[in-house]
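Please open the model in a viewer and keep the sequence panel visible. The tour below proceeds by selection, from the whole chain to individual residues.

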Amino acid sequence: MSRAVDVAAIKRRASAKVAPLARCEMTDLAQAWRAARPPVAGIHFDSAACARQSFAAIDLAAAHARREAEIGGYVAAQHAEPELTAGRSVVGELTGMTADDIVFTTGATHALDLLLSSWPEPRRVIACLPGEYGPNLAVMAANGFGVLPLPVDGLGRAQVDDVTAMIAADAPTLVHLTAVASHRGVVQPVADIAAACREHAVPLVVDAAQALGQIDCVVDADAIYGTSRKWLAGPRGVGVLAVRPELATGLRTRLPPAHWLPDIPPLRLLEFGEANIAARVAFSVAVREHVAAGPQLVRERLAEVGRLTREALAEAPGWRVVEPNDTPSAITTLARMGARFEITDDWITASAPHGLRAAAVQTGTHPGFMTDWQQPLMVLFTQAEGMSVLHETVFENRLVYVPALQKLGCEIEVFAACLGGPACRFQDTNSVHSAVIRGVSKLRGADVTLPDVRAGFSAVLAAAVADQPSLLRGIHHIERGYHRPFEQFASLGLTIRRG
Ligand SMILES: Cc1ncc(COP(=O)(O)O)c(C=O)c1O
């Protein structure tokens, strides 16, 4: 049953809810934070994510660069050492480590690479979240680590009991947990997972790139790493890696120590070499400022802003807030309201109570959207309201089935350009690998020849949507690929007659 949507009422309710959010921005904390740094030059969705440095951080970085010009980089670096040590100890405070456990890196990804490339054991199996940050997966693979998925709930949150059972049954080399993802405000139960890992003597490595400065990171990890440029509002190009001494002493760095360096500990060796000291100085200033503002106060305010944002957006038509309201994170994730799924061990149901909406989908290797799903998705797109885009990045020539669908009335146009996602390896080739699909299309019956099994399946789906009968030739492709397909289609109510 459909219900008329009272948009004006929704707007009124939303603005009543946004009002406290606006007041929240006027708190002393927010005012002090804003006054301490240059104003943003216009509204830009990316400005919150990157390097909103304070005047003090910028000025001290510039002063360091000037000192390098005046007295030379090596001596200037010695002068900067007290500031850098102060920065390390503050990072220690935020991660439950000491200044000696911390090294500077050029970012979070670099920190993970340094750690994994120096990992003490030859066995290399990492248990990590199924939706792990892509560049982290690439670093794991590049360092020869195989990946096992941690058990998670429907929100993608690690299930502590199941993780405990998993590591008790067959311990991986280490558990890697991204405390807050880059694309979701879901906060992982890091301290509980740390306790489980400790009980079973499995090292825990925590990605705190989105967590440092946003949530409590004193979590008893064996190693924790993060980045300067996000919630700590330091400059780009700096990160930190904190490693407990028990793990740090065993590290085997990829590069051996230079012969003139007397017994430098492996952890310090990770930091050795050329570096942008001015940026490290600015980062140290940024973390000191964060601690001076009161990390607990900052966390509480960010959690409150997250809660108010979610409440304000709860009734936005066509969208759904992903996180529970009380998630202690300022990141709010919205999902398009399209299909709804229910998944159990025995069955899956799917429905679209508000109608399907257009989307942009890009295929990819695991854990991306599987390339074999694109043919049925293409037909679904034709029934979604608006313009959808499909970008195939895995195989060349995967769109050969489109002419059959076009004959059945699907409004699909194909392109050699990379559409609907970042450029892929086919970008400079003539390979037709993107499609734009217009919906909702009225599909019609047609006489089509099926070129292969996947194409065949999509043509059957399109023929099922069409309002007149279709003649499909080459059905041996389908019979080869599926178990008694026509009986199963018939059980769904399709009228099928074999010629
Ligand atoms: C969860 C997570 N991990 C790691 C990174 C990488 O950080 P960096 O750019 O410092 O390498 C990011 C950046 O967005 C992130 O969100």
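Display the whole chain as a cartoon: 17 helices and 17 strands appear. The model is a predicted one. Its C-alpha trace spans about 85 × 60 × 45 Å along the principal axes. Colouring by burial would mark 37% of the 499 residues as buried. Of the contacts between residues at least 6 apart in sequence, 65% join residues at least 24 apart.

**The largest nonpolar core**

Next, select Leu115, Tyr225 and Leu241. Within the largest nonpolar core, which holds 86 residues, these three touch the most other members. The element that gives the most to this core is helix α11, residues 277-293, with nine residues. Now centre the view on Leu115. Which residues does Leu115 contact, once its neighbours within four places in sequence are left aside? They are Val205, Ala223, Tyr225, Leu241 and Val243. Two of the residues named above, Tyr225 and Leu241, thus reappear in this list.

**A separate core**

Select Phe381, Ala384, Ala455 and Ala462. They are among the 30 residues of another core, which lies apart from the largest one.

**The four-stranded sheet**

Select residues 360-362 for β12 and 411-415 for β14, then add residues 386-391 for β13 and 434-439 for β15. Together these four strands form an open sheet with mixed pairing, in the order β12-β13-β15-β14. Strands β12 and β14 each have a single partner strand and stand at the edges, so one side of each is left without a neighbour in the sheet. From one strand to the next, the twist averages 15 degrees.

Restrict the selection to β13 and β15. In what sense do these two strands pair, parallel or antiparallel? Their pairing is antiparallel and extends over six bridges. Within this pair, label Val389 and Val436: Val389 stands opposite Val436, a residue of β15.

Then add residues 374-382, which make up helix α13. This helix lies across β12, β13, β14 and β15, and it runs at about 35 degrees to β15. Phe381, one of the residues of the 30-residue core, can be labelled in this view.

**The ligand shell**

Finally, show the ligand and select the residues around it: Gly107, Ala108, Thr109, Tyr133, Thr178, Ala181, Ser182, Asp207, Ala209, Gln210, Thr227 and Gly239. How does this shell divide by residue character? Seven of its residues are polar, four are nonpolar and one is charged.

How values were computed:
Residues numbered from 1 in each chain as written. Predicted model: local features only at pLDDT ≥ 70, side-chain atom pairs only at ≥ 80, totals over all residues. Pairing = 2+ DSSP bridges. Axes fitted to C-alpha atoms, helices over the stretch in contact; angles between N-to-C directions. Contact = placed C-beta atoms within 7 Å. Near = placed C-beta within 6 Å. Nonpolar A, V, L, I, M, F, W, Y, C, P; charged D, E, K, R; others polar. Core = buried A, V, L, I, M, F, W, Y, C linked by C-beta atoms within 7 Å. Buried ≥ 20, exposed ≤ 12 C-beta atoms within 10 Å, placed from the backbone.
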